[in-house]
Amino acid sequence: MTQEDYERRMERAGRAAAYSGLAGLIVTPGPDLGWLCGYRPTPSERLTALVIEPGRRPRLLAPVLERPDAERASGAGALEVSGWTDGSDPYAEIAKWVEPNGRYGVSDSTWALHLLGLQRALPGSGYVALTESLPMLRAVKDAHEVALLAAAGAAADATYEQILGVRFGGRRESEVAADLARLLIEHGHSQVDFTIVGSGPNAANPHHEAGDRVIQDGDMVVLDFGGLKDGYGSDTSRTVHVGEPGAEERKVHDIVREAQQAAFEAVRPGVACQDIDRAARKVIKAAGYGEYFIHRTGHGIGVTTHEPPYLVEGEHLPLVPGMCFSIEPGIYLPGRFGVRIEDIVTCTESGGRRLNQTGREMAVVQ
């Protein structure tokens, strides 16, 4: 990423803010700040804030002791960087820069401490989360971003291929989860966000936290894992079986695989996000398991592993080429087992392209 890349992003953000009726954006440390200007400080009680307003040069306020780091950020040349010292009021400084009665988009990760400070300094102002006000800001990826997501997906695929060779039976879920984390790092991830290993009845809990349960012969095991590689996310799920599966387990897995394929085939520009969810849900409902598909079909992914767009009933936002998102239907039978199959998919001009390439059939492990 060059300074010019970040400059274009900030200009686009300013135009999007104006189009949405906002006076501008106030962005604090977190994914949005890094994406917009390349500066990634650790969030703290000391205010760091990027102010973007249409037609004006973006301004970044940082604690004076961190200003040198801010000035070395990749996009700093496109900013006016200012510092504030301990004992002064950074919110009063921001108040000098912005419209006192303006309505501003704020990054989702903004601490309440800082939002309340802005409200005290600007009692006539209003604020709305970027996910609500500008859901498309990061949703449509350029070719470079798609390539980074594909590389992260390939690293997750390599992790899955290797995990199939480890022993599952007789080991704790937490031990397999540790193997997944280690392999993600070995394949180039800088950050592991989650390693879900749900075995047996725990597989019926979509967000089960890997624990001390010892995996048994005959268990279905849901694996869901991912993190960040070169700043972009991976997220994939596969369901494996310890030893040969029974007839019902095969049947449920086949239904989920068919639902995942149906949702993938529904991807094309202009299709509403909710229609991808409907395509998966239709297959599972027709098979008699509709009440056991208990979450949305997917979520966007980029510099975070969960972001817009969301593939869920009621989301009318149309798919656009460059959007990247998970497709991850599941069936969860309480107290028995669960199945989930997940790929990251990008919308292209002609349909969908999978960024995960591992087999979606049920793998048998030892």
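Two strands are treated as paired where DSSP finds at least two bridges between them. On this basis the pairing of strands in the present model, which is a predicted one, can be described. Ala 62 has Gly 83 of strand 4 as its bridge partner. This contact belongs to the pairing of strand 3 with strand 4 (residues 80-84), two strands that run parallel and are joined by five bridges.

The overall architecture provides the setting for this pairing. The protein chain contains 10 helices and 18 strands. Its radius of gyration is 23 Å, close to the 21 Å given by the globule rule for 366 residues, and the chain is therefore as compact as a globular protein of that length. Along the principal axes, the C-alpha trace of the protein chain spans about 70 × 40 × 35 Å. Of the 366 residues, 55% count as buried. Among the contacts between residues at least 6 apart in sequence, 66% join residues that are at least 24 apart.

Strand 3 comprises residues 59-63, and five of its five residues are buried, so the strand is largely enclosed by the rest of the structure. Besides its pairing with strand 4, strand 3 is joined by three bridges to strand 2 (residues 49-52), and these two strands run antiparallel. Within that pairing, Val 51 stands opposite Arg 59 of strand 3. Strand 2 and strand 3 form a hairpin with six residues between the strands, in which Gly 55 adopts a positive phi near 80°.

Strand 2 also pairs with strand 1. Three bridges connect these strands, which run antiparallel, and Ile 26 has Val 51 in strand 2 as its bridge partner. Val 51 is thus placed opposite Arg 59 in strand 3 and is also the bridge partner of Ile 26. A further three bridges join strand 1 to strand 5 (residues 103-106), with the two strands running parallel. Strand 1 (residues 24-27) is covered on both faces: Gly 24 and Ile 26 are buried on one side, and Leu 25 and Val 27 are buried on the other.

Gly 24 illustrates the surroundings of strand 1, in which it is located. Its relative accessibility is 0%, and Gly 24 therefore counts as buried, the limit being under 20%. In strand 5, Tyr 104 is the bridge partner of Gly 24. Residues up to four places away in sequence being left aside, Gly 24 touches Ala 17, Ile 52, Glu 53, Pro 54, Arg 103, Tyr 104 and Gly 105. The C-alpha atoms of Gly 24 and Gly 102 are separated by 8.1 Å, although these residues lie 78 residues apart along the chain.

Open space in the model was examined next. Rolling a probe the size of a water molecule over the atoms shows where empty space is left. The largest pocket has a volume of about 380 Å³. It is lined by 21 residues, of which Pro 31, Arg 40, Leu 228, Gly 231 and Val 303 are the closest to its centre. The lining divides into 11 nonpolar, six polar and four charged residues. Helix 1 (3-19), helix 2 (31-37), helix 7 (143-163) and strand 7 (191-199) each supply at least two residues of the lining. Helix 2 gives the most, with three residues.

Several individual residues outside these elements show notable local features. Asp 230 lies in the loop between strand 8 (220-229) and strand 9 (232-233). Its phi is near 50°, a positive value in a residue other than glycine. Asp 230 has a relative accessible area of 51% and is therefore exposed, the limit being over 50%. The peptide bond from Pro 308 to Pro 309 is cis, with omega near 5°; Pro 309 is found in strand 12 (residues 307-311).

Tyr 292 occupies the loop between helix 10 (273-286) and strand 11 (298-300). With a relative accessible area of 25%, Tyr 292 is partly exposed. When residues up to four places away in sequence are not counted, Tyr 292 touches Gly 330, Ile 331, Tyr 332, Leu 333 and Pro 334. Tyr 292 and Ile 331 are 39 residues apart along the chain, and their C-alpha atoms are separated by 5.2 Å.

Technical notes: Residues are numbered from 1 along each chain as its sequence is written. This is a predicted model: local features need pLDDT of at least 70, side-chain atom pairs count only at pLDDT 80 or more; totals for chains, interfaces and linings use all residues. Side-chain values use heavy atoms; hydrogens and water are left out. Buried means under 20% relative accessible area, exposed over 50%, partly exposed in between (1.4 Å probe, protein chains only). Helices (H or I, at least four residues) and strands (E, at least two) are DSSP runs, numbered from the N terminus. On a 1 Å grid over the protein atoms alone, a cavity is a set of points where a 1.4 Å probe fits but cannot get out, and a pocket is an open set with protein on both sides within 12 Å along at least five of seven lines; lining residues have an atom within 4 Å of a point. Grid points are joined across faces, edges and corners, and a volume is the space filled by probe spheres set on the points. Ala, Val, Leu, Ile, Met, Phe, Trp, Tyr, Cys and Pro count as nonpolar, Asp, Glu, Lys and Arg as charged, and the others, Gly among them, as polar. The radius of gyration is taken over C-alpha atoms; the globule rule is 2.2 Å times the number of residues to the power 0.38. Contact means heavy atoms within 4.5 Å.
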